[in-house]
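Work through the exercises below with the structure open. Try each task before reading its solution.

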Amino acid sequence: MAKLALIRGLWKIMLLVLVLCFFNYWGAGFHWWITIAYPFFQSIRCWVFDFIPFSLGDLFYILLGLVLLVGLLVALYPVALIHRYKQKAFVRLGVFMFVVASSGISFYIYFLLSWGGHYYREPIGKTWGLDTSLKVNLAVFERDIIAQINTLQPFYRSYGIDRINEVSLKNYEAFTDCKFNFKGHAIKSSLFGSYVDKMGIEGYFNPFTGEGQIGKLVPTSILPFVISHEIAHKAGIAREGDANLVAYAICTQSDSTFRYSAAMDLLLYVRRRFSWVDSTAESKLFAQLNTYSRRQLDTIYKYFDLSKNAASDAGREMYDDYLKLQQQKEGIRSYGNIVADAWRLELRRKKIGVERVKLF
Ligand SMILES: [Zn+2]
């Protein structure tokens, strides 16, 4: 029995190596997976899961956590009573650890094949032909963004999640080459409620069920952008910086509320960068922002303050390590690539006009 389990474990490791080789070296096969296999698989997941108003992925995580906890307690119980169980206690603990490791490999293989393989794609900016040699002029960029926000602000309307889902789905149909139709509840409220927000997570994608979730308290002014970002993950954009770029490219072609949301989210990143370089000049520029939007930004900063806690810091570090393991050398800082990418995209648009957003 133990021998059989060991052989099965070795087979799984070999399969994992094969899958990793597939994504790393088999160019033609990888292209087929991106353009045909993944869209087909994700279409089925959207067809099944997007009709359900709550997150099945969150339920799966809760169940998985419970199973692990019960399994650990059952495995540790004999160790606590070592005088009675003797060597048997360590055998049972060893079996538990083996089952966890073996299941972990199975989950990782499924993760890669069902979505994670997208981490091995080239950055989307490169696919679009953005000129990476162009350096951002932060002062000009912040001035332009503020001017844009001031123009759009009177037309901004606060949308609820259903309305944002509805407009986002139309946006993906109209402005991208998305190969599958999302249905109804494209992005759902997280079952973990405000704990998600307190962990510093605005939204997250579940690679096992292909569902996107958002936090309970995300400020409405940036919600259209956050939801567009999570839908980008569903569409097969894995890198965080790329999901931001795709969300930006789509929102800026949409209605005033979505354009406003994209500009507000981008302003957060550009402000931070420009403040590091020249905080006095940044403050002068920022004073030109209208009062209503400034109040909305205050709400966003208060929202960010919710995640100033040790648990959130630890979670952020873990996510940074995870991203670095997934071909993203910059880790969590890759979100900020949106500053240079959006600048380059706008320069390109000035030259050749607004293009259809390529996801594949
Ligand atoms: Zn993301």
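Two exercises follow, one on a sheet and one on nonpolar cores.

The model is predicted: local features need pLDDT of at least 70, side-chain atom pairs count only at pLDDT 80 or more, and totals for chains, interfaces and linings use all residues. Residues are numbered from 1 along each chain as its sequence is written.

**Exercise 1.** Find the strand order of the open three-stranded sheet, and state which strands stand at the edges.

*Solution.* Strands are DSSP runs of E, at least two residues, numbered from the N terminus. Two of them pair if DSSP finds at least two bridges between them.
- Step 1. S1 and S3 (residues 211-214) run parallel, joined by three bridges.
- Step 2. Within S3, isoleucine 214 lies opposite serine 189.
- Step 3. The order is S1-S3-S2, and the pairing is mixed.
- Step 4. S1 (187-189) and S2 (203-206) each have a single partner strand, so one side of each lacks a neighbour in the sheet.

**Exercise 2.** Which element gives the largest share of the largest nonpolar core?

*Solution.* Such a core is a set of buried Ala, Val, Leu, Ile, Met, Phe, Trp, Tyr and Cys residues joined through C-beta atoms within 7 Å. Buried means that 20 or more other C-beta atoms, placed from the backbone, lie within 10 Å of the residue's own.
- Step 1. The core has 54 residues; Ile149, Val246, Tyr248, Ala263 and Leu266 touch the most other members.
- Step 2. H7 (138-152), H8 (161-175), H10 (223-234), H11 (240-251), H12 (256-277) and H16 (338-352) are the helices giving two or more residues. Helices are DSSP runs of H or I, at least four residues.
- Step 3. H12 gives the largest share, nine residues.
- Step 4. Another core lies apart, of five residues, including Met199 and Tyr204.

Key: A residue is buried if 20 or more other C-beta atoms lie within 10 Å of its own, exposed if 12 or fewer, and partly exposed in between; C-beta atoms are placed from the backbone.
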